[in-house]
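Let's take a walk through a protein together, starting with the whole chain and then stopping at a few spots along the way. Keep the picture open while you read.

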Amino acid sequence: MGGIVTMNILLAEDEPKIRQGLRAIIEDVVKNELRILEADNGKTAFEMFRTSERMDLVITDIRMKEMDGLELLRRIKQEQKDTPIVVISGHDEFEYAREALRYGVMDYLLKPIERVELARVLARIQAEGKGDPAGDESPEPDKERLVIRKVKELIQQSLEQEISLQFLAERVYLHPKYLSETFKRETGQNLSDYVTERRIAKARQLLSGTTLKVAEVAAMCGIPNHKYFASLFKQHTGATPTEYRERG
């Protein structure tokens, strides 16, 4: 990219409030001169991309009318493969996230967009533009970090059921052994331990915030054997489920 003097950014988002919010964060965070183009659908965004100066960053929603975000990023990658693209979506769109990963997006942000997350992405773009070492990393670590985030989201969405390594690996297109090793390297924690940790966290929430029976809580946390659940819960919290609830 060379040194970025004016930063060209394309925002493709069909919800005006979200688009305005993104623009406000960008304008507040970026020190460079800015040129921000806005589109409320993928078709318009792609026309802007093709007819404008080279984009330093494209931020696109997944679901839009006329042309969705996946089709937009596919076409952009055909035109200019190295264009940095950030995809944004809701929590219930994991299948779209998997597809976006296959196209090599730079990052994937969940709505509501967190200021810090977006600022981090923008900082990376600026670092790359200046040729800083931080911006010269291979895309592989970024992809791995993104995959781990997706795995964590999938775990959170699937706590009521059995979550095997195979189940997770199939959904992010990785070999189970590679996923296990990558998760441990990126988080410092075994995948199975993380799953258990999230189950216990959900159990705490249900015990504190509902009047569900312990056996029902156990089932909702993916541990149908409530006696094993009680033992596991005490091992992690120092109290039985009943004791934990009574403490308030």
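**A walk along the chain**

F233 and Y244 are both buried, and we'll come back to them in a moment. Before that, one thing to keep in mind: what you're looking at is a predicted model.

Let's begin with the whole thing. The chain has 248 residues, and 46% of them count as buried. If you trace the C-alpha atoms, they span about 65 × 35 × 35 Å along the principal axes. Twelve helices and five strands make up the list of elements. How much do residues 24 or more positions apart contribute to the contacts with a separation of 6 or more? They account for 64% of them.

Now back to that buried pair. A pair of aromatic rings is described by two things, the distance of the centres and the angle of the planes. The structure holds three aromatic pairs, and one of them is made by F233 and Y244. Their ring centres are 5.3 Å apart, with 80 degrees between the planes. That arrangement is called edge-to-face, because the angle is over 60 degrees. The pair links distant parts of the chain, with F233 sitting in helix α11 (residues 226-237) and Y244 in helix α12 (residues 241-246), eleven residues apart. F229 joins in as well, so that F229, F233 and Y244 form one aromatic cluster.

Another ring has a charged partner. R75 lies over the face of F46, at 5.8 Å from the ring centre.

Next, try two neighbours in helix α1 (residues 16-29), R19 and Q20. Is R19 buried or exposed? R19 counts as buried, because its relative accessibility is 14% and the cut-off for buried is under 20%. Leaving out residues up to four places away in sequence, R19 touches L11, E13, D14, E38, A39 and D40. Q20, on the other hand, is exposed, because its relative accessible area is 52% and exposed means over 50%. E38 turns up again here: its C-alpha atom is 9.4 Å from that of Q20, although the two residues are 18 residues apart along the chain.

Let's move on to a loop. E66 lies between β3 (57-61) and α3 (69-79). What is unusual to spot about its backbone? E66 has a positive phi of about 70 degrees although it is not a glycine. E66 is also exposed, with a relative accessible area of 64%.

Further along, L174 has its place in the loop between α7 (165-171) and α8 (176-187). With a relative accessible area of 23%, L174 is partly exposed. Not counting residues up to four places away in sequence, L174 touches V147, A169 and L179. V147 is 27 residues away along the chain, and the C-alpha atoms of L174 and V147 are separated by 9.4 Å.

Our last stop is a pocket, the second largest one, with a volume of about 170 Å³. How many residues line the second largest pocket? Ten do, and L109, L110, P112, E114 and E117 lie nearest its centre. Strand β5 (residues 107-110) supplies the largest share of this lining, three residues. Sorted by character, the lining of the second largest pocket has five nonpolar residues, one polar and four charged.

Note on methods:
Residues are numbered from 1 along each chain as its sequence is written. This is a predicted model: local features need pLDDT of at least 70, side-chain atom pairs count only at pLDDT 80 or more; totals for chains, interfaces and linings use all residues. Side-chain values use heavy atoms; hydrogens and water are left out. Rings of Phe, Tyr and Trp (its six-membered ring) pair if their centres lie within 6.5 Å; planes under 30 degrees apart count as stacked, over 60 as edge-to-face and the rest as tilted. Helices (H or I, at least four residues) and strands (E, at least two) are DSSP runs, numbered from the N terminus. Buried means under 20% relative accessible area, exposed over 50%, partly exposed in between (1.4 Å probe, protein chains only). A charge sits over a ring if NZ of Lys or CZ of Arg is within 6 Å of the ring centre and within 35 degrees of the ring normal. On a 1 Å grid over the protein atoms alone, a cavity is a set of points where a 1.4 Å probe fits but cannot get out, and a pocket is an open set with protein on both sides within 12 Å along at least five of seven lines; lining residues have an atom within 4 Å of a point. Grid points are joined across faces, edges and corners, and a volume is the space filled by probe spheres set on the points. Ala, Val, Leu, Ile, Met, Phe, Trp, Tyr, Cys and Pro count as nonpolar, Asp, Glu, Lys and Arg as charged, and the others, Gly among them, as polar. Contact means heavy atoms within 4.5 Å.
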